[in-house]
Amino acid sequence: MGKRWLGLLAAGLLAVGVLLPAAPAMAAPTFKVPFPCGQSWSGQTRTGHSPAYAVDFNRTDDLGDPVVASAPGTVDRVTDLGGTSYGKYVRISHAGGYHTYYAHLNGFNVSVGQSVGYGKVIGWVGSTGGSSGPHLHYEQRLNGADIQVRFNGALALYWGTRNYTSDNGCGSSAGSGTVNTSGTPLTVRSGPGTGYAAVGTVADGAKVTIQCQTSGTSVTGTYGTSTIWDRIGAGRFIADAYVYTGSDGYIPGVPRC
Ligand SMILES: [Zn+2]
């Protein structure tokens, strides 16, 4: 019994040792209020809502108002359920197993597979599906499970109604940099770490647009040692230690992924 248990424990430790470098833990994306910069919306949570932690957003004369992506990601559903449930809805896939849902839309402004950033208009407020009046039904999910909504890391009000003012897409949200490797091409990874698959290269001297930055495995490069990784496209990350950005550390104004 004891030996068998130890054997299983050893096998478990071995599995963890093999898995960890391939899938580094990722922090939650910085979700923002899903409306353009500066707008204030009334967000309501209630125990009878389905799912429980969804937020319904309203403001005066909101039919047709633009809805924007909460965080950078890839659109993975643009679906019309007709007169039931979500009606017309968009789902965005974010890093770390997170998804956001935008439901009862009047219309769509994105398609499946599209890469979106902060402030990107994805559709318009409507009253489609099982809705009795114009509003945006909004959800955050982790690995498919409904979770309590956070904006800029701060928990929404549970339960009740309060105003949320958007800082989504305020100012220039993308940064720029220049790759400096002293000659060799820089490997592009599918995620923020050396354990992720190589999905391409960028040439030494190439100018890159940085959509967002996140923390990953530590890399020592031209500009010292850093755990910062720069997202330069959908599923494309490069180590910031090889990128001249004019900033030591995170670039001011560029969002976290
Ligand atoms: Zn709702």
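**Exercise 1. Which residues form one aromatic cluster, and how is one pair inside it arranged?**

Solution. Start with the list: Phe-35, Trp-41, Phe-57, Tyr-102, Tyr-138, Phe-151 and Tyr-164 make up one aromatic cluster. Keep in mind as you work that you're looking at a predicted model.

Step 1: Zoom in on Phe-57 and Tyr-138. Their ring centres lie 6.2 Å apart and the planes meet at 65°. Planes over 60 degrees apart count as edge-to-face, and that is the label for this pair.

Step 2: Place the two rings. Phe-57 belongs to strand 2 and Tyr-138 to strand 10, so the pair ties together parts that are 81 residues apart in sequence.

Step 3: Check the cover. Phe-57 has a relative accessible area of 0%, so it is buried. Tyr-138 is buried too, also with 0%.

**Exercise 2. How does strand 2 pair with strand 1 and strand 10?**

Solution. Take one partner at a time.

Step 1: Strand 1 (residues 40–45) and strand 2 (residues 55–58) run antiparallel, and three bridges join them. Opposite Gln-44 you'll find Asp-56 of strand 2.

Step 2: Now go to strand 10 (residues 136–142). Strand 2 pairs with it over three bridges, in the antiparallel sense. Here Asp-56 has His-137 as its bridge partner.

Hang on to Asp-56 and His-137 for the next exercise.

**Exercise 3. Which residues coordinate the zinc ion, and how are they spaced in sequence?**

Solution. Look for the atoms around the metal.

Step 1: The donors are NE2 of His-49, OD of Asp-56 and ND1 of His-137, at 2.0 to 2.1 Å.

Step 2: Write the donors in chain order and you get the spacing H-x6-D-x80-H. Asp-56 and His-137 are also bridge partners, with His-137 in strand 10.

Step 3: Are His-49 and Asp-56 buried or exposed? Buried means under 20% relative accessible area. His-49 comes out at 9%, so it is buried. Asp-56, at 7%, counts as buried as well.

**Exercise 4. How many aromatic pairs are there, and what does the pair of Tyr-53 and Trp-159 look like?**

Solution. The count comes to 16 aromatic pairs.

Step 1: Tyr-53 and Trp-159 are one of these pairs, with 6.0 Å from centre to centre and 20° between the planes. Planes under 30 degrees apart count as stacked, so this pair is stacked.

Step 2: Find where the rings sit. Tyr-53 is in the loop between strand 1 and strand 2, while Trp-159 is in the loop between strand 13 (154–155) and strand 14 (160–165), so the pair ties together parts that are 106 residues apart in sequence.

Step 3: Check the cover again. Tyr-53 is partly exposed at 27% relative accessible area, and Trp-159 is partly exposed at 38%.

**Exercise 5. Which charged residues lie over an aromatic ring?**

Solution. Two cases are worth finding in the structure.

Step 1: Lys-32 lies over the face of Tyr-118, 5.7 Å from the ring centre.

Step 2: Arg-141 has its charged end over the ring of Tyr-101, at 4.8 Å from the centre.

**Exercise 6. In what order do the strands of the open sheet with strand 15 stand, and which stand at the edges?**

Solution. Trace the neighbours.

Step 1: The order is 18-15-22, three strands with antiparallel pairing. Strand 18 (207–210) and strand 22 (243–244) each have a single partner strand, so they are the edges, and one side of each is left without a neighbour in the sheet.

Step 2: Look at one pairing. Strand 15 (residues 175–179) and strand 22 are antiparallel and share two bridges. Val-179 has Val-243 in strand 22 as its bridge partner.

**Exercise 7. Where does Ile-92 lie, and is it buried or exposed?**

Solution. Ile-92 is part of strand 5 (residues 88–93).

Step 1: Its relative accessible area is 0%, so Ile-92 is buried.

Step 2: List its contacts, leaving aside neighbours within four places in sequence. Among them are Ala-69, Val-75, Tyr-98, Tyr-102, Val-116 and Ile-122.

**Exercise 8. How many helices and strands does the protein chain have, and what percentage of its residues is buried?**

Solution. Step back to the whole chain.

Step 1: The protein chain has one helix and 22 strands.

Step 2: Of its 257 residues, 41% are buried.

Step 3: Take the contacts between residues at least 6 apart in sequence: 61% of them join residues at least 24 apart.

Methods. Residues numbered from 1 in each chain as written. Predicted model: local features only at pLDDT ≥ 70, side-chain atom pairs only at ≥ 80, totals over all residues. Heavy atoms only, no water. Donors = N, O, S within 2.8 Å, 3.2 Å for Na, K, Ca; no water. Buried < 20%, exposed > 50% of the residue type's maximum accessible area, 1.4 Å probe, protein only. Helix = DSSP H or I, 4+ residues; strand = E, 2+ residues; numbered from the N terminus. Contact = heavy atoms within 4.5 Å. Pairing = 2+ DSSP bridges. Phe/Tyr/Trp six-rings, centres within 6.5 Å; stacked < 30°, edge-to-face > 60°. Lys NZ or Arg CZ within 6 Å of the ring centre and 35° of its normal.
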